[in-house]
Amino acid sequence: MMSYATGPLAAISPRPFTLKAAVAALAGIGLLSSASVWAQADVAPAPVAPAAEVAAVAPAAAPQAEGEVSVVTVSGVRRSAQNSQQIKMRSDQVIDSIVADDIGKFPDNNVAETLARVSGIQIRRDSGEASAVMIRGLRDVTTLLNGRELFTTTGRYVNLADIPATMLQRVDVYKSQGADQVEGGVAGIIDVRTNRPFDFKDFTASVNTRAMYSDKSKATDPNVSGMVSNRWKTGIGDVGALFGLSQQQHRYHEERAFNTAPVDKSYFSPGLTAPDQVGLLPIKGDRRRTTANAALQWRPNADVELYAEGMATRFLLDSESDYFVGLPWWGTPVSATKIPGTDQLQTLTSTNVNTIMSTQANKSESKTHQFAVGGLWEINPEWRFTSELASTKSTFNWRNPILDAITQVPNATINTNLNGTLNVDYSGIDLKDPSNYYLKGFFDRYGQDEGSSNDLRADLAYTPGAGGFFKEISVGVRGVKREAQSIKSYEGNAEAPDVSGAAFPFNRQSVTSIPGLNCLSEPMSSGGPNYGLKQWYTPCASFLINNTGALREAITGSSAARTLDPGSFFKDTEKTYSIYSKAKIAFKLGEYPVDGTLGVRVVRTEQSLQGNSSQDGVYTPVISDTSSTDVLPSVALKIKLRSDLIGRFAAGRTISRPGFAQLNPGVALVNSTETVKATGAGGNPNLKPVTGDNFDAALEWYFAPAGSVNATVFHHKFDGYIQQRISSETIGGKVYDVDRPYNTGAGKLQGLEIGYQQFYDGLPGILNGLGLQANGTYMSGKTDDETGSHAITGVSRYAYNLVVLYEKDAWSGRLAYNWRSKFIDSYNQGGPGLDLKVAATAQLDGSLSYKINDQFTLTLDGNNLLDTKFKDYWNEPGVYARDTRRYDRTVGLSLRWKM
């Protein structure tokens, strides 16, 4: 349970004139900055107020006398549902919000996992956690922290998993945008809100300790977070300070069984197609995130509030990928069968098969910090001035040494599609014995990314007298300078030497000649598909990381690192200047009151891109300077059909700029080996921003404080949507399959979102604490290019969420089921006409809390309770299966203390 102070700003300082003069002087040189709660962000559906007043929104109460403070007290999941509903109802825009149940208690431990419960939100999971978040299937999302742009190095957005859920007050998802909001997300905006000291009435502290068990890694990890906040009345006014700290660890396991794309094998059997390679891949990782945030607020009088705040995150990842790479055609094929009714390979039996065990070691460190200063000045009852100065810096350093070892297996049988998953049966030698293996090749990979920005904005709002058409008129300016750069080592394999000159591979150097090199793979877990093989020899990932020089010496004869690749380098400087005007309006349409906003934002973008192009191995510097101006009008109207029934209409133009890496003119090439094709990956300096014209119409019925039914119809028309495409390019006389981004032509996306929420207070006994949140989304979209019209990648046509809620006495809980239908991942991924598709997925998560007393709460939570399998395939799931992936099921037990 949490209590919030609400009411007008108290008159504190006896020296208002002096302070106002000081504020004006600061504003004149751009040093007075506002909390983004006010500046250029439509964050508060209600009038401007401290953040917690928005988070603890309650139905309108009786007027308050000057200086009077009322306390609104609500608790648990019902409070969260009620506050989310109030924010949605009062907002000018089409918005969905998730509000913390209590201090340090968010519905999930991962922000992205929580967002998956919102209608129209779809996520992608990687290494056992939700990572990429899409709004209505589109990736072009702007991520904000307290209303200001936040990103990681060269990207346009931040990985939301890097922000601890325990630090959050709420998350707002904007599906329509106003003129005062930061541009850059054609799909929408995700604004993550943290606590500030004035959100609390007085001293507040909380500590959350959690132990999490992962069933496949069989690890139990500690997670600790805490916050302390206080506010004081002093001779210079109200002063508040807050500090938060979070330490998270997750030792995870992920596993995959895979087939490569089908190729022609008709020389062996008429019409036969089959994968050249098959494989098993257990992944073992250790993620550690440390995050700190701090905020200072000063309210010298009733008209002025100043603040400074910052957040810093450090993300460390140590992981290993232990590949078993089966090459059943690199031996003597004996017999094959086809999947019934097709020409695709079902089983293959071979003898004397060359087989590669490959370890990919990963060690990376990511650091991001953002600091801001800000303030609000109520000049008089009609005029309000806000501004903000923010600075962000992000770095990412990574190492990824890869070592291949090779052996020959006497007997090998594979089944490419045993109940939809690969099965392998290799016998005749001990696959765990290092003495059977030889050094094959080494990939020496490393790189670094950097990104930074400086952001200054200012806003001025005028509130006319009561009774007119215009309720508020605001104008604002924003200037941002962003820099991003990246470079990495040359790609490609350094082949191990043949020490005797005899036939490959049997006179290569034995892996046993390097002490400390040899380990067993992470085992494939039990209880899932029948993979056949469970564990095998693999080079030690820790040795690859800690003794990279020794491996270089053994493979290349030199301990020196592979040089950096000029073709991978890019540096981009982007300057944006924007100005907006926005009016809040209100009028009557017959007997129905209407209010909303009208506005326009004009944005000037200037870019200077540096990179290197390659021709026949010769690199030439490339400098490209571009500029563009975009005009972004918007309108949002809300009609009150009844006191509990609201209709909405929103329309506006949005833009999304290409990612900095997408603009890189260079290309990184990988030459073909026995295990990889000749491939390349590069950018496209000719990419244009994506523009979207978006329309939303909604009907919302609020029949109870935490009960509602809503439906939203949306239509997006966009031009130049960016998608990846693999095509053949001849570089230096060799043909490579090069993956580059490109602009499509015109496109559209339309759909329907429906939502329902209610607590069933009329049920008898303990059942009257039950509630339900349910939502569903239908989407359909196409983009056009020179090859025709295509469905948009990443978009599931159908998705729904069912969340059972419970709140009674000391008990509260959630059981959340999420499902999305199949979607296209990428076109021609397996070759011409072989599109990669992802099968429908479902996930079940839950939590149960018991409030021991006002200070202590015990929570049991579970994630991925259904042990969901991720599956993708080319064109037909029962024929051309690619991956089967499994992630950890996790169970957590946490104890939260607050005062």
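## A strand-rich chain and two of its residues

The chain has 6 helices and 49 strands, where helices (H or I, at least four residues) and strands (E, at least two) are DSSP runs numbered from the N terminus. This is a predicted model, in which local features need pLDDT of at least 70 and side-chain atom pairs count only at pLDDT 80 or more, while totals for chains, interfaces and linings use all residues. Residues are numbered from 1 along each chain as its sequence is written, and side-chain values use heavy atoms, with hydrogens and water left out.

Of the 899 residues in the chain, 56% are buried; buried means under 20% relative accessible area, exposed over 50%, and partly exposed in between (1.4 Å probe, protein chains only). Two residues can be set side by side.

| Residue | Strand | Relative accessible area |
|---|---|---|
| Histidine 253 | strand 12 (residues 237-259) | 1%, buried |
| Leucine 895 | strand 49 | 33%, partly exposed |

The side chain of histidine 253 makes a polar contact with the side chain of glutamate 255 at 2.8 Å; such a contact is a pair of N or O atoms within 3.5 Å, and within protein one must be able to donate a hydrogen and the other to accept it, with residues adjacent in sequence counting only if both atoms are side-chain atoms. Leaving aside residues up to four places away in sequence, histidine 253 also touches several others, including Lys216, Pro282, Glu522 and Arg886, contact meaning heavy atoms within 4.5 Å. Across the chain, 71% of the contacts with a separation of 6 or more are between residues 24 or more positions apart.
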